[in-house]
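Welcome! Please take a look at the protein below, and then work through a few friendly exercises with their solutions.

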Amino acid sequence: MRFKKTVLAFLSAATMLALTACGGGNTTAPEKKDAAADAGKGSVYYLNFKPEVETIWNDVAKTYTEETGVPVKVVTAASGTYETTLKSEMTKSDAPTLFQINGPVGYQSWKDYTLDLKDSEIYSHLLDKELAVKDGEGVFGIPYVVEGYGIIYNDALMQKYIGLDGAKVKSVDEINNFAKLKEVTEDMQAKKADLGIEGVFASTSLKPGEDWRWQTHLANLPIFYEYRDDKVSDKAEVTFKYAENYKNIFDLYINNSTVDPSVLTGKSVTDSMAEFALEQCVMVQNGNWAWSQISGVSGNKVKPENIKFLPIYTGVEGEEKQSICVGTENFFSVNSQTTPENQKASIDFLNWLFTSEKGKAYVTKDLGFIAPFDTFNDTERPEDPLAKEVVKYMANKDLYNVNWNFTSFPSQAFKDTFGQALGQYASKNMTFDEVKELFINEWKTEKEMTQQ
């Protein structure tokens, strides 16, 4: 598929393009200028999306300011609060000059604040221009990383299981569909004492604000297949055709876990990643960004060579050829309502980050990004093991990618409501039929609201 081929082209690119002058937009900015803008060089205020890399972004900002003299401020939104934080910050006189939208849906909410970047240098370096968020001839969101997510597993524990009498597989390669995953999981759960674990899967974090892996990432699977069947990339109404498949994998997670399903509404992502790092479980659903969380846990027992990915199997026909989920919901936008000086400063900052040696080192070594720009050559890949797993899966031409269709989900309100329903289901206060009905109805309602 086109996306996979494009990213692979990036991974093998070895040449650097000459730097070109960065461009701005024609949007009229407010007359008010801050002190840095009065000095003629502007300043940068970046509202960061991911708390887990806050420290790294602060280091990036400090390095850039020391090198250029341009002030860079980084503010990090708390987990699950980015949209509300952005709305609050945008009302201030010193609003973010650089922020993030999550794709076409996010653009609809912020199109009055997004500068046209079609003439910018950073856009010229984008390998696949179709990945950008566009509106007519304009470019209003630049993807800055491709990521992958699936079922992360500890291969040392998996091999320990395979060595037990009666193990259901002789190789992890045999796990290539839901039926086999379920068989292995339930057998491992029955033998958890022999494996020295508390459960096969880490706790499913259903605490409000911590449930994005299930109401967004996991929910992407049934929507991906429904879209694929209908040959579309968005729908005003969905049937949740693959709801039973979603239930398959969700039930497997919560019923073969380190904890009882009734306590999941109090569990966080940090809890589940710590359980994995301390080898209290064998598997956890998350993305390549999780390695920094795992390796940072005090007492981490998981060695880099033992952390691997499996696709998220749900029982869909032909899933033996399914890969992990690779895509992006991370798009940089520049504030069209700030001063021209701040706009230029923000664009220059992005150019430095993705074209300079220092900037690229931060991108690959510290942030761990697989960046979709032609300024990165084959040796400039993240060193962390999960990023390498993403590259491995993308290179496997026998598998089809699961696109990130969750960027078309109606709204954060829809996802939050669905997440709350999943918590009620896990606590046995809702049936899955009720969850399915809510999913369908809330999707339609929220889509209608966004189109008004």
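The exercises below go from the overall form to salt bridges, a charged patch and some loop residues.

This is a predicted model, in which local features need pLDDT of at least 70 and side-chain atom pairs count only at pLDDT 80 or more, while totals for chains, interfaces and linings use all residues. Residues are numbered from 1 along each chain as its sequence is written, and side-chain values use heavy atoms, with hydrogens and water left out.

**Exercise 1. Describe the overall build of the protein.**

Step 1. Begin with the secondary structure: the protein has 19 helices and eleven strands. Here helices (H or I, at least four residues) and strands (E, at least two) are DSSP runs, numbered from the N terminus.

Step 2. Turn to compactness. The radius of gyration is 22 Å, close to the 22 Å that the globule rule gives for 452 residues, so the protein is as compact as a globular protein of that length. This radius is taken over C-alpha atoms, and the globule rule is 2.2 Å times the number of residues to the power 0.38.

Step 3. Add the dimensions: along the principal axes, the C-alpha atoms fill a box of roughly 70 × 45 × 40 Å.

Step 4. Finish with burial. Of the 452 residues, 57% are buried. Buried means under 20% relative accessible area, exposed means over 50%, and partly exposed lies in between (1.4 Å probe, protein chains only).

**Exercise 2. Examine the salt bridges and say how accessible their partners are.**

Step 1. Start from the idea that side chains of opposite charge can pair when their charged atoms come close. The rule used here asks for a side-chain nitrogen of Lys or Arg within 4 Å of a carboxyl oxygen of Asp or Glu. By this rule the count comes to 17 salt bridges.

Step 2. Look at E89 and K92, whose closest N and O atoms are 2.6 Å apart in a salt bridge. E89 is buried, at 12% relative accessible area, whereas K92 is partly exposed at 39%.

Step 3. Move on to D229 and K241, a salt bridge with its closest N and O atoms 2.7 Å apart. This pair links distant parts of the chain: D229 sits in helix α11 (residues 220-230) and K241 in the loop between α11 and α12, twelve residues apart. D229 is partly exposed, with a relative accessible area of 31%.

Step 4. Now find D234 and K447, which meet in a salt bridge of 2.7 Å, N to O. Distant parts of the chain are linked here too, with D234 in the loop between α11 and α12 and K447 in helix α19, 213 residues apart. D234 is partly exposed at 38% relative accessibility, while K447 is buried at 4%.

Step 5. Finally, pick out a network of salt bridges that links E226, D230 and K235.

**Exercise 3. Locate the patch of negative charge on the surface.**

Step 1. Name the members: E244, D433, E434 and E437 gather in this patch. A patch is made of residues with over 30% relative accessible area and no salt bridge, where like charges are joined within 9 Å and nonpolar side chains (Val, Leu, Ile, Met, Phe, Trp, Tyr) within 5 Å.

Step 2. Place the members on helices. Helix α19 (residues 432-450) gives the most, with three residues. E244 lies in helix α12 (residues 243-255).

**Exercise 4. Compare two loop residues that have a positive phi.**

Step 1. Recall that most residues other than glycine have a negative phi.

Step 2. Consider K231, which is not a glycine but has a positive phi of about 55°. K231 is in the loop between α11 and α12 and is exposed, with 74% relative accessibility.

Step 3. Consider F240, whose phi is near 50°, again positive in a residue other than glycine. F240 is also in the loop between α11 and α12, but F240 is buried, with a relative accessible area of 0%.

**Exercise 5. Find D378 and G315, and give a distance for each.**

Step 1. Look for D378 in the loop between α16 (357-366) and α17 (385-395). D378 is partly exposed at 36%. From D378 to A190, 188 residues away along the chain, the C-alpha separation is 44 Å.

Step 2. Look for G315 in the loop between β8 (307-310) and β9 (322-327). G315 is partly exposed at 43%. G315 and A77 are 238 residues apart in sequence and 37 Å apart in space, C-alpha to C-alpha.

Methods:
Areas by Shrake-Rupley, 256 points an atom, 1.4 Å probe, with all protein chains shown as cover. Lys, Arg positive; Asp, Glu negative; His and termini not counted. Charge placed at Lys NZ, Arg CZ, Asp CG, Glu CD.
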